[in-house]
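Fancy a few warm-up problems on helix packing, strand pairing and burial? Grab a viewer and try each task before reading its solution.

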Amino acid sequence: MTIRQRGKEGICESQFWVDGTFYQFTFNGKGGRPLITSKKQAREKEYELKREIRLGTNHKDSELKNFAKFYDQIYMDYSRKHKTTVSTAFDEQFGKRLVEEFGDKTLNQITPRMIENYLVTLLTTNTRFDRPHSPVTVRRHYNMLNQLFNMANRERLINDNPCRQISRTVLKQLPTWQTRERWLNKYAEDEEDRLFGAFNQYGEHLAAISRIVLNTGIRPPKEVLAIRKEHVNLSDEARYCRVEKGDVLIPPRAVLVAKGKDGKPRVLPLNQTAQKVFRILLADATTGEWLFTNRKDEPIKTIKKGFAAACVRAGIENLRPYDLRHTFATRLLERGIHHYVISAL
């Protein structure tokens, strides 16, 4: 291979042979070619061109070959149209980090080694909360990259997926799921009393949200915070409620989850404790159409900080809002409820 620089600006030119055919590319910023005045960048571009020629993907240069532009214009456009709100939020969150790492590169410039180095580095760095990235979180970055390259392959912008060549040794460090066995009262019988004692001092909303999760199994925080007053039916008669995908029938003494993890609505029955909590919330005229609002009358978006602070005050360690959902399932299991019924709930 030969890299030459020409003129006062030092514009780079590449000359090389592939399978007996001579190729010459001038990186002068014309005809869709990038302007390159660095030999190092020219060698990287030359490697990319050789790879495209061998794979048969040396098509016309397109802006979408740039990682950042493909992510924004193609991947996120698909995510917003076809995925749930929660999944799209994850794509936006992880995408910021991926664009920071690969945004200035074309899709063909990204090699398996680059991806491996990125994943290993992520495992050894801390989050903005000064905690290590969990292997499951790092795996999500890998899964997102894999989806993105598969999509680029379908768009005929590349002809292979570098994620498929990642070392198995690296992937073994990144499980798709880690079992978490934590529920309320696991380590002390008075954990629930201490937790709700801390809530009562500093926030009625946290107590109400936690009671609802403990007695319905609804997912916190997204599902429980998205409940509108019209989604709750405490009467003795069934009624319909309008959601994005049409009308849903809400049976007596039940609550509607308008959009679950899979994007579909579902209905959950309410026991006596849950009915009591919802009755108090529905009577609160200050919250408008939502069950849970902040001081600006806007829907609450998260309970993470408040819940963590309450756990500190109560002297409870390693408990998250989602563990209340685990507690709901654990208590049903202890009462002999069949696991198929628990799964349905």
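Below are four exercises, each with a worked solution.

Some ground rules: this is a predicted model, where local features need pLDDT of at least 70, side-chain atom pairs count only at pLDDT 80 or more, and totals for chains, interfaces and linings use all residues. Residues are numbered from 1 along each chain as its sequence is written, and side-chain values use heavy atoms, with hydrogens and water left out.

**Exercise 1: a helix pair**

Work out how helix α8 and helix α12 pack, and which residues meet.

Step 1. Get the elements straight: helices (H or I, at least four residues) and strands (E, at least two) are DSSP runs, numbered from the N terminus. That makes α8 residues 204–216 and α12 residues 322–334.

Step 2. Two packed helices are described by the angle between their axes and the distance between the axes. Here the angle is about 35 degrees and the axes lie 7 Å apart. Axes are lines fitted to C-alpha atoms, for helices over the stretch in contact, and angles run from 0 to 180 degrees between N-to-C directions.

Step 3. List the contacts (heavy atoms within 4.5 Å). On the α8 side you'll find Ser210, Val213, Leu214, Asn215 and Thr216; they meet Leu324, Arg325, Thr327, Phe328 and Arg331 of α12. Sorted by type, the contact residues come out as four nonpolar, four polar and two charged. For that count, Ala, Val, Leu, Ile, Met, Phe, Trp, Tyr, Cys and Pro are nonpolar, Asp, Glu, Lys and Arg are charged, and the others, Gly among them, are polar.

**Exercise 2: burial and helix ends**

Find how many residues of α8 are buried, and what the buried residues of α12 pack against.

Step 1. Apply the cut-off: buried means under 20% relative accessible area, exposed over 50%, partly exposed in between (1.4 Å probe, protein chains only).

Step 2. In α8, 10 of the 13 residues pass, so to speak, as buried; among them are Leu206, Ile209 and Ile212.

Step 3. For α12, the buried set is Asp323, Leu324, Arg325, Thr327, Phe328, Thr330 and Leu332. These pack against α8, β8 (266–269), α11 (304–314) and α13 (339–344).

Step 4. Check what comes next along the chain. Glycine 217 follows α8 with a positive phi near 80 degrees, and just after α12, glycine 336 has a positive phi of about 85 degrees.

**Exercise 3: strands**

Lay out the sheet with the order β1-β2-β3 and look for its edges.

Step 1. The sheet is open, has three strands and pairs them antiparallel. Strands pair if DSSP finds at least two bridges between them.

Step 2. β1 (2–6) and β3 (21–26) each have a single partner strand, so one side of each lacks a neighbour in the sheet. On average, neighbouring strands are turned by 20 degrees against each other, direction ignored.

Step 3. Six bridges join β2 (residues 11–18) to β3. Glutamate 13 has threonine 26 as its bridge partner, while serine 14 has phenylalanine 25.

Step 4. Trace the turn: two residues separate β2 from β3 in a hairpin, and aspartate 19 there has a positive phi of about 55 degrees.

**Exercise 4: one alanine**

Is alanine 152 buried or exposed, and which residues does it touch?

Step 1. Alanine 152 sits in helix α5 (residues 135–154).

Step 2. Its relative accessible area is 0%, so alanine 152 is buried.

Step 3. Leaving out residues up to four places away in sequence, alanine 152 touches Phe70, Leu107, Leu157 and Ile158.
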